[in-house]
Amino acid sequence: MGIHRLNHAVLYVSDLDRSVAFYRNVLGFRLVPMTPKGFHGAAFLQAPGSTNDHDLGLFALGAQARPSTAGRTTVGLYHLAWEVDTLDELAETARRLTAADALVGASDHGTTKSLYGRDPDGLEFEVVWLVPADRLDDAALAARTRIGRLDLPAEIARYGGATRGGVGISVPA
């Protein structure tokens, strides 16, 4: 089975309107009108620039839903990771997550530069920029075995804010 990419993810949420507003206002997703007639409590969203039919499905459980215990007391999904094209986009995402009080971490994994956020239900996600294949060096490859502090201004100075990430890795060269 040859997998090309993750097509979409579906999350259970407690408050559909709150979650839709978060993903639209903070991450720039747009609502896709594809909820089946007579079906309530679901929304489908598409990420900016995506060619997917939808990237995220949200299904409401209601206010009685308890927070996920995945990774604390039960098995389950830890997080989803979305890739952005440039470090400038990653920096803008950091600003938006900070303004929404949703940024919970930032890491340098050598070949990837990552932000971590939490949605209104506390579900974690990652937004990542990948070093293009032709810019990978021994230091970046060796750094994959550690988690370092992300210095986004230094990475922008090193690679350029408008340099397209993932070329030759997740994007054809």
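Is D101 buried or exposed? In this predicted model, D101 is exposed, because its relative accessible area is 72% and the exposed class begins over 50%. The briefing below then turns to two open sheets, one of five strands and one of four strands, and to the two pockets that rank as the largest and the second largest.

**D101 and its loop**

- D101 belongs to the loop that connects α2 with β6.
- Although D101 is not a glycine, its phi is positive, at about 55°.

**The five-stranded sheet**

- The strands of this open sheet follow the order β5-β8-β7-β6-β9, and their pairing is mixed.
- β5 and β9 (148-149) form the edges; each has a single partner strand, so one side of each lacks a neighbour in the sheet.
- β5 and β8 run parallel and are joined by five bridges.
- Within this pair, H79 is placed opposite E124 of β8, and A81 is placed opposite E126 of β8.
- α2 packs on the sheet through contacts with β6 (103-108), β7 (112-118) and β8, and the direction of α2 makes about 155° with that of β8.
- In a regular strand, side chains alternate between the two faces of the sheet.
- In β5, L80 and W82 make up the covered face, whereas H79, A81 and E83 make up the uncovered one.

**The four-stranded sheet**

- This second open sheet has the strand order β1-β4-β3-β2, again with mixed pairing.
- Its edge strands are β1 and β2 (30-32), each of which pairs on one side only.
- On average, neighbouring strands here are turned by 35° against each other when direction is ignored.
- β3 (residues 42-46) and β4 (residues 56-60) pair in the antiparallel sense, with four bridges between them.
- A42 stands across from F59 in β4.

**The largest pocket**

- The volume of the largest pocket is about 1000 Å³.
- Its lining consists of 30 residues, of which A47, P48, W82, E83 and V84 are the closest to the centre.
- Two elements, β5 (79-83) and α2 (87-99), each supply two or more residues to this lining.
- α2 provides the largest share, four residues.
- Sorted by class, the lining of the largest pocket holds 12 nonpolar, 10 polar and eight charged residues.
- W82 and E83, both among the residues closest to the centre of this pocket, lie on opposite faces of β5: W82 on the covered face and E83 on the uncovered one.

**The second largest pocket**

- The second largest pocket has a volume of about 620 Å³.
- It is lined by 25 residues, and those closest to its centre are S68, D121, G122, L123 and E124.
- β1 (9-13), β5 and β8 (124-130) are the elements that give two or more residues to the lining.
- β1 contributes the most, with four residues.
- The lining of the second largest pocket comprises 15 nonpolar, five polar and five charged residues.
- E124, one of the residues closest to the centre of this pocket, is the β8 residue that stands opposite H79.

**Links between sheets and pockets**

- β5, an edge strand of the five-stranded sheet, gives two or more residues to the lining of the largest pocket and also two or more to that of the second largest pocket.
- β1, an edge strand of the four-stranded sheet, is the main contributor to the lining of the second largest pocket.
- α2, which packs on the five-stranded sheet, gives the largest share of the lining of the largest pocket.

Definitions and conventions: Residues are numbered from 1 along each chain as its sequence is written. This is a predicted model: local features need pLDDT of at least 70, side-chain atom pairs count only at pLDDT 80 or more; totals for chains, interfaces and linings use all residues. Side-chain values use heavy atoms; hydrogens and water are left out. On a 1 Å grid over the protein atoms alone, a cavity is a set of points where a 1.4 Å probe fits but cannot get out, and a pocket is an open set with protein on both sides within 12 Å along at least five of seven lines; lining residues have an atom within 4 Å of a point. Grid points are joined across faces, edges and corners, and a volume is the space filled by probe spheres set on the points. Ala, Val, Leu, Ile, Met, Phe, Trp, Tyr, Cys and Pro count as nonpolar, Asp, Glu, Lys and Arg as charged, and the others, Gly among them, as polar. Two strands pair if DSSP finds at least two bridges between them. Contact means heavy atoms within 4.5 Å. Axes are lines fitted to C-alpha atoms, for helices over the stretch in contact, and angles run from 0 to 180 degrees between N-to-C directions. Buried means under 20% relative accessible area, exposed over 50%, partly exposed in between (1.4 Å probe, protein chains only).
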